[in-house]
Amino acid sequence: MSTTPPDPLAALGSLPGVTDAVDSVRKAVDRVYGHRVMRRRSSEVTAEAALRGARGSAALSDADWNLEEVRRRTDFSGEEDARTVGAALRLTAEAGQLLSVWRQSPLRVLARLHLVAAGGAAPDDAVGRPRFADEPVEEPLIEAPLPGADEVAGRLEGLSHLILTGSAAPALVTAAVVHGELLALRPFGTHNGLVARTAERIVLIGSGLDPKSICPAEVGHAEQGRAAYAEAFEGYLSGKPEGMAAWIAHCGRAVELGVRESTAVCEALQRGAA
């Protein structure tokens, strides 16, 4: 007699505190999607959310520019922080274009994201592929021990399988696990944090929770601060139920703060102050 294989992501959705986080995120997202500005000017909100999300993701990767500098700047070559901001902007622009590929081949999308992020800033033979044994990794903020190349390959395949087979888990749970697993693995030599946060965005868009990409979790991750981000990630790394729940709740709060940011954008557009 056949049995249904376990759904590990769905099991995470039932952890204490996670259900409340999921419900809170859904209510917040529903409110901003119900804003009257969204009926006619949603594309403007999407564009502003992308800009603010990129700024937030770059800030977590050690390039904390103010929003107006990101908006004003046209040249992102030169100094390292400018290249980081440029990478974040390119990734945010790319995210919405990869949804159909993500559903068929998540690993191809991750390779594409790294290629876009690197933008010529890494050796050609190191771009778009998981790192080999003994290759160095440059990743601001995340200082956890690096898994070996074989472990990275195996866990990436496992993550891909989870995405391809689908899950009954809420979108927030899936997005948080994808984000956390990529941070844990740091599969590329560079830009892993930027790629992980972009993958989280893709899951939130593709799941239908945030189809117009107006709830930039990257804003919320940055607003909660680098220390809180790193601490919550330690919970994910622990693998313990309470640690996983804390990471998912942290990601949920990030989405809610992103919603608050886009609600403010809607209010500004309504007042004619965009």
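A cavity is a set of grid points where a 1.4 Å probe fits but cannot get out. By this criterion, the predicted model holds 2 cavities of 30 Å³ or more.

Confidence in the model was examined alongside. The protein chain has a mean pLDDT of 93. Of its residues, 96% reach 70 or more. Among the elements, helix 1 (residues 8-13) has the lowest mean pLDDT, at 88. Helix 11 (residues 217-224) has the highest, at 98. Helix 11 also supplies at least two residues of the lining of the largest cavity.

The largest cavity has a volume of about 50 Å³. Its lining comprises R197, E200, R201, L204, I205, D210, S213, C215, P216, A217 and E218. Helix 10 (192-206) gives the most to this lining, with 5 residues. The lining is mixed in class: 5 residues are nonpolar, 5 are charged and 1 is polar. Among the charged residues are R197, E200 and D210. The nonpolar residues include L204 and C215.

The second largest cavity has a volume of about 30 Å³. L182, P187, F188, N192, V195 and A196 line this cavity. Here too, helix 10 provides the largest share, 3 residues. The lining of the second largest cavity has 5 nonpolar residues and 1 polar residue. No charged residue takes part. Helix 10 thus gives the most to the lining of the largest cavity and the largest share to that of the second largest.

Note on methods:
Residues are numbered from 1 along each chain as its sequence is written. This is a predicted model: local features need pLDDT of at least 70, side-chain atom pairs count only at pLDDT 80 or more; totals for chains, interfaces and linings use all residues. Side-chain values use heavy atoms; hydrogens and water are left out. pLDDT is the predictor's confidence in each residue, from 0 to 100. Helices (H or I, at least four residues) and strands (E, at least two) are DSSP runs, numbered from the N terminus. On a 1 Å grid over the protein atoms alone, a cavity is a set of points where a 1.4 Å probe fits but cannot get out, and a pocket is an open set with protein on both sides within 12 Å along at least five of seven lines; lining residues have an atom within 4 Å of a point. Grid points are joined across faces, edges and corners, and a volume is the space filled by probe spheres set on the points.
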